[in-house]
Amino acid sequence: MPNDFISPFRLLFLLALALSLGVRLWLARRQMAHVLAHRQAVPPEFADRIALAAHQKAADYTRARGTLGIYQTLADTALLLVFTLGGGLEALHGFWSSQLVAPGAAPGYAYGIALIFSVTVISSLVDLPFGLYRQFVLEQRFGFNRMSLGLFFGDLLKSTLIGLVIGTPVLLAVLWLMAHMGAYWWFYVWLFWSAFNLLLLFIYPTWIAPLFNKFTPLEDGELKERILGLLSRCGFAASGLFVMDGSKRSAHGNAYFTGFGNNKRIVFFDTLINRLAPREAEAVLAHELGHFKRRHIVQRIVLLFLMSLGFLWVLGQLISAPWFYAGLGVQAQNTALALILFFLVVPVFTFLFTPLGSLLSRRHEYQADAYAAEHADGEELIHALVKLYEDNASTLTPDPLHSLFYDSHPPAALRIGHLRALKAQGTAH
């Protein structure tokens with residue numbers, strides 16, 4: 001048995017992994033049990049709008065997704081242990097070192113890229129059966145799948161090629177900065193990473209998204225007139241109004257705006273336009289504009305950048321620590337190994353902070369709803385939300401603790417209650 005098997009860091013890692021896994025499984029089982037316990041009756045506040053059959057479909061859909069989520073969590077945990085304490089990453093290091101590193105030489109960029117990509121490929125292959133089952137069994141069973149097998153693998157191929165084209169130079173830049181910027185490499189990597197993400201916000205709408213979906217200008221009519229009037233009232237400038245062919249993949253509907261600065265686009269799923277009346281779609285978009293006007297997007301970007309700076313600083317302190325590598329089952333030390341190990345285990349140690357992000361997101365949702373009630377019709381937003389809850393088979397009765405921990409949006413009853421309270425106060429039109 002290796003001497004470092006009972007090292008404090010290894011014990012800490014195993015404890016954190018066991019705790020996070022236990023909490024995940026406990027919350028998943030709570031959610032399924034709570035939803036099924038309320039399956040036989042529609043909540044009173046929705047009884048006049050949601051049929052019992054639709055409510056039961058949402059309960060069954062929630063249970064099916066929860067069951068799949070449990071199996072995927074177990075598989076992800078097993079893969080993490082294989083990569084770390086199981087010697088998988090050590091074996092990959094040995095293989096690529098023998099192929100790409102000259103005897104006595106330090107690992108170069110080819111080794112680093114190969115090692116990182118091989119971990120990514122293995123992780124993707126493990127995740128692939130779950131993705132196929134989710135799309136072609138679970139989503140198919142509940143009537144949401146519109147995707148063919150050819151489209152699924154076509155998307156996978158496109159994503160892989162984009163990852164190679166964009167990811168390779170990004171990784172090379174990161175590895176170069178880590179090797180040449182001295183003790184403060186983590187700060188320079190952070191500057192580069194932040195600039196790259198801002199650039200991505202600009203290029204995604206016009207260069208990347210059209211590779212997967214067709215975007216057509218919103219046709220003239222009542223909806224367009226209402227949207228233009230809303231944008232004028234809100235002082236929001238967009239580079240275009242578009243309809244996305246989301247129906248070729250799924251029956252789920254949504255609306256969003258994307259881009260940054262003068263490159264902002266408003267996008268409606270065709271499924272949403274086909275389901276909602278123009279006044280309802282206007283209210284949904286008013287909610288999305290509320291996120292922008294209340295600076296939620298900027299706040300989230302700033303928070304993301306600050307968190308990434310903190311994580312990179314921590315990695316900067318760990319990269320030369322032998323106990324960090326050995327505690328996770330790797331004897332060699334280099335920048336590529338450090339990157340992989342760190343980002344493999346960060347979710348384990350940060351999982352219990354998930355409710356903080358969920359709390360902030362739910363607060364933003366309430367604020368965006370309030371903005372929508374000020375600039376559109378709050379009652380129309382309620383109508384739209386009820387339709388979307390029904391169409392997307394979103395449960396109306398989530399487990400409170402599961403919702404508190406995970407949900408980025410408030411539960412349906414609380415969200416609609418908030419909108420009705422705003423209306424009673426005279427805020428909504």
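Me: Leaving aside neighbours within four places in sequence, which residues is Glu379 in contact with?
Reply: This is a predicted model. Glu379 lies in helix α14, which spans residues 378–391. Beyond its neighbours within four places in sequence, Glu379 is in contact with Arg49 and Lys423.

Me: Does Glu379 count as buried or exposed?
Reply: The relative accessibility of Glu379 is 16%. Buried means under 20%, so Glu379 counts as buried.

Me: Which helix supplies the largest share of the largest nonpolar core?
Reply: That core has 48 residues, and Phe46, Ile266, Phe268, Leu272, Val284 and Leu289 touch the most other members. Elements that each supply at least two residues include α7, β2, α9 and α16. The largest share, seven residues, comes from α14.

Me: Which residues does Phe46 touch, not counting those up to four places away in sequence?
Reply: Phe46 is one of the residues of the largest nonpolar core that touch the most other members. With residues up to four places away in sequence left out, Phe46 touches Val386, Leu396, Ala412, Ala413 and Ile416.

Me: How many residues are in the second, separate core?
Reply: Among the members of this second core are Phe83, Leu177, Trp186 and Leu339. Its total is 46 residues.

Me: Where α9 meets α10, are the helices parallel, perpendicular or oblique?
Reply: The axes of α9 (residues 278–293) and α10 (residues 296–318) come within 5 Å and cross at roughly 55°. Angles under 35 degrees count as roughly parallel and 65 to 115 as roughly perpendicular. The crossing angle therefore makes α9 oblique to α10.

Notes
Residues numbered from 1 in each chain as written. Predicted model: local features only at pLDDT ≥ 70, side-chain atom pairs only at ≥ 80, totals over all residues. Heavy atoms only, no water. Axes fitted to C-alpha atoms, helices over the stretch in contact; angles between N-to-C directions. Helix = DSSP H or I, 4+ residues; strand = E, 2+ residues; numbered from the N terminus. Parallel < 35°, antiparallel > 145°, perpendicular 65-115°, else oblique. Buried < 20%, exposed > 50% of the residue type's maximum accessible area, 1.4 Å probe, protein only. Contact = heavy atoms within 4.5 Å. Core = buried A, V, L, I, M, F, W, Y, C linked by side-chain atoms within 4.5 Å.
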